[in-house]
Amino acid sequence: MLGGAGLLLGVAALPAQAAEVSFATHCVPPAGLDPVDGTTKVEITAPATAKVGDTVEVVWKFVQAASKNPDIIDLPANSVQPSGTLKAAGAQSADIAMQGPRENPAIPKGAAMVLSDMKGTLKLTTPGTVTLTPGAYTVNAMSTDTRCTPTSTVPQAATIEVSAGGGGTSSSSASASVTPSGSPTDTASPTGSASASVSASASASDGTGQTDFTGKQVQVPYACKTPIGDKNATSAVQIDARKDGGNFALTVKFGQSVMDSPADIPKGSVKPSMEVVLGGADHGTVHVEGPLNADVIKSGDPIEIPDLTGTYKPGASGESTLAPGVLTIEALGTTTTCTPTSSQVSLTLDTTEQASGASGSTSSGTSSGSTSTGGGLAETGAGDHGALKALGLVAGTAILLGGAVFTFMPRRRTR
């Protein structure tokens, strides 16, 4: 690609044709919102003719999306991004990945969705007629996904007559790739620095000299209490440790999740913390916390959830487990608390009892000796993406937890 402009070398510049089709569609919005059945109308543009060996560009234009913006929040400009699949069949078959830029006008509550054009490319490998048919698509709005799937037979939207020549093969498969026409999508599923398949067991006294211990990423269901109501969500959390004498420096990771801010966030206004739950030989909790946002985050800029850190002083000798616990987000006097409805161990350590152990001091020296059932930070978007995204916004900003939008307003002073 040249200069990030989304130009793919070798794409054939050929005479184009455009055809509009419509099809019944079932759309599943984020958790907490009802599914929608509607009609999708799209226009597919592709070359009318090409030859084997050509890489052709295909454009998917939304004439009408099946679902509207729910009556929850106005969507700001450039906060919506579509992606989907265009199916090639006939002389060759392929699922062509399509993607549009995050470009849209402001969309009021209840208004029709305005989606950018999606583009993709297809390398032609076999002479004959290749048909193009729209498939499922996803609408990502402020880091939450609405997935739309055809519920009826979709008409063919375009055909390409492919002639021999150009050094193709006789294979019926096709190479398909995305030609981005804007900024990259932020809906890819982050997994943090370690795969969930990594063993979480580690010995601190096995004579190997090991000092770094990597936990596994666990998916945990949570019940979240916010200033305006209760919501359920699922989160991915990973706990890592580094041995320091008889203690362990803990890092709780929420992956490299990024979302676009729907409004300006003042610096120093959001503070996350968690109580890591101890089990096995040890008991109690370890307090870990992250830094305040150091800079003002402008509307439309990406937001990252920082790592939470603290120090674990073992209170017992033996095999001790660590699991995600209650997570709290404080923002200018408001508090959101998420508690897991079931607990999953992320890391197991062989520990040796330390003086005043299991008090769980933070890196700044504060401590907590309470017990807890566990908790974590809510994830927005679809579960198969596994993305961890949450945002505390105060005075007209919003928190996105499990696909629901909450508006936090500071409490007014009493006269």
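What share of the 415 residues in the chain is buried?

**Figure 1. Overall view of the chain in the predicted model.** Buried residues account for 47% of the 415 residues. The chain contains 28 strands and zero helices. Of the contacts between residues at least 6 apart in sequence, 72% link residues at least 24 apart. The exposed surface of the chain comes to about 18,100 Å², and carbon and sulfur atoms contribute 51% of that area.

**Figure 2. Gln 92 in the loop between strands S6 and S7.** Strand S6 covers residues 80-90, and strand S7 covers residues 94-99. Gln 92 has a relative accessible area of 0%, and it counts as buried because this value is under 20%.

**Figure 3. Polar contacts of the Gln 92 side chain with Lys 123 and Thr 126.** The side chain of Gln 92 comes to 3.1 Å from the backbone oxygen of Lys 123. A polar atom of this side chain is also 3.3 Å from the backbone nitrogen of Thr 126. In both cases the partner atom belongs to the backbone.

**Figure 4. Confidence along the chain.** The mean pLDDT of the chain is 73, with 66% of the residues at 70 or above. Strand S5 (residues 55-64) has the highest confidence, at 95, and strand S28 (residues 404-407) the lowest, at a mean of 32. Residues 1-14 have pLDDT below 50, and in the model this stretch makes 25 contacts beyond near neighbours in sequence. Residues 167-208 also have pLDDT below 50; for this stretch the model shows 117 contacts beyond near neighbours in sequence.

Methods: Residues are numbered from 1 along each chain as its sequence is written. This is a predicted model: local features need pLDDT of at least 70, side-chain atom pairs count only at pLDDT 80 or more; totals for chains, interfaces and linings use all residues. Side-chain values use heavy atoms; hydrogens and water are left out. Helices (H or I, at least four residues) and strands (E, at least two) are DSSP runs, numbered from the N terminus. Buried means under 20% relative accessible area, exposed over 50%, partly exposed in between (1.4 Å probe, protein chains only). A polar contact is a pair of N or O atoms within 3.5 Å; within protein, one must be able to donate a hydrogen and the other to accept it, and residues adjacent in sequence count only if both atoms are side-chain atoms. pLDDT is the predictor's confidence in each residue, from 0 to 100. Contact means heavy atoms within 4.5 Å. Accessible areas come from the Shrake-Rupley method with a 1.4 Å probe; for residues, only the protein chains shown count as cover.
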